[in-house]
Amino acid sequence: MEVRVCREDELVAGVVRTAHLGHDEQGRPITALLLRDEQGAAVAYRNMCRHLPVPLDGGTGRFLSEDRAHLVCGTHGATYRLRDGYCIEGPCAGRMLHRLRVSLRGADLYVSPEPAS
Ligand code: FES
C-alpha cells in the first residue's frame, strides 16, 4: 500500500505531514511522518517511539523540537535526528525510528509502510 501525501513543493522544512497506512500485525495504526531532513531531503518515519510503542506526539500533532531541529517524543522526551531517525537523547538513546519508503512520482510524494532501502 502506498499513499500520496502531498506535492513535492508543498513539503517545506520545519513542517511534518502525516499519512495513515493501515494497521500492523498487532492492530496498531501505522502513521507515517513525512518531513525534510537537515539537507532538505524528504524522509519518512513511522510515528511510533522506540521507547514504548506510542505515537511521538501523543495525539497533539506536535512532532518537532522548539527549534525544529529534531523529532521529539512528548511522553518522555526521546529526541531523534531528522536525517536518520537516530535517538540522540532519552530513554531509547541509540535506537532508531522505523524509516519508511518515500517515492516521488511526477510532482507528488508517496509513502509506504515498507522499510526504506
Ligand atoms: S514513550 Fe517516547 S520517550 Fe518514552
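Let's start with the building blocks: this protein has 9 strands and 0 helices. Keep in mind that what you're looking at is a predicted model. If you walk along the sequence, the pattern reads β-β-β-β-β-β-β-β-β.

**The overall shape**

How does the radius of gyration fit with a compact globule? For 117 residues, a compact globule would come out near 13 Å, and the protein has 13 Å, so the two agree. Here are some whole-protein values to keep at hand:

| Property | Value |
|---|---|
| Box filled by the C-alpha atoms, along the principal axes | roughly 40 × 35 × 25 Å |
| Buried residues, out of 117 residues | 27% |
| Contacts between residues 24 or more positions apart, out of those with a separation of 6 or more | 42% |

**Zooming in on Thr18**

Now pick out one residue, Thr18. You'll find Thr18 in strand β2, which covers residues 17-23. Is Thr18 buried, exposed or partly exposed? Thr18 has 17 C-beta neighbours inside 10 Å, so it counts as partly exposed. A buried residue would need 20 or more, and an exposed one would have 12 or fewer.

Which residues does Thr18 touch, if you skip those up to four places away in sequence? The list is Thr31, Ala32, Leu33 and Asn47.

Try finding Gly61 as well: it sits 43 residues from Thr18 in sequence, yet the C-alpha atoms of Thr18 and Gly61 are 9.3 Å apart in space.

Conventions: Residues numbered from 1 in each chain as written. Predicted model: local features only at pLDDT ≥ 70, side-chain atom pairs only at ≥ 80, totals over all residues. Helix = DSSP H or I, 4+ residues; strand = E, 2+ residues; numbered from the N terminus. Rg over C-alpha atoms; globule rule 2.2 N^0.38 Å. Contact = placed C-beta atoms within 7 Å.
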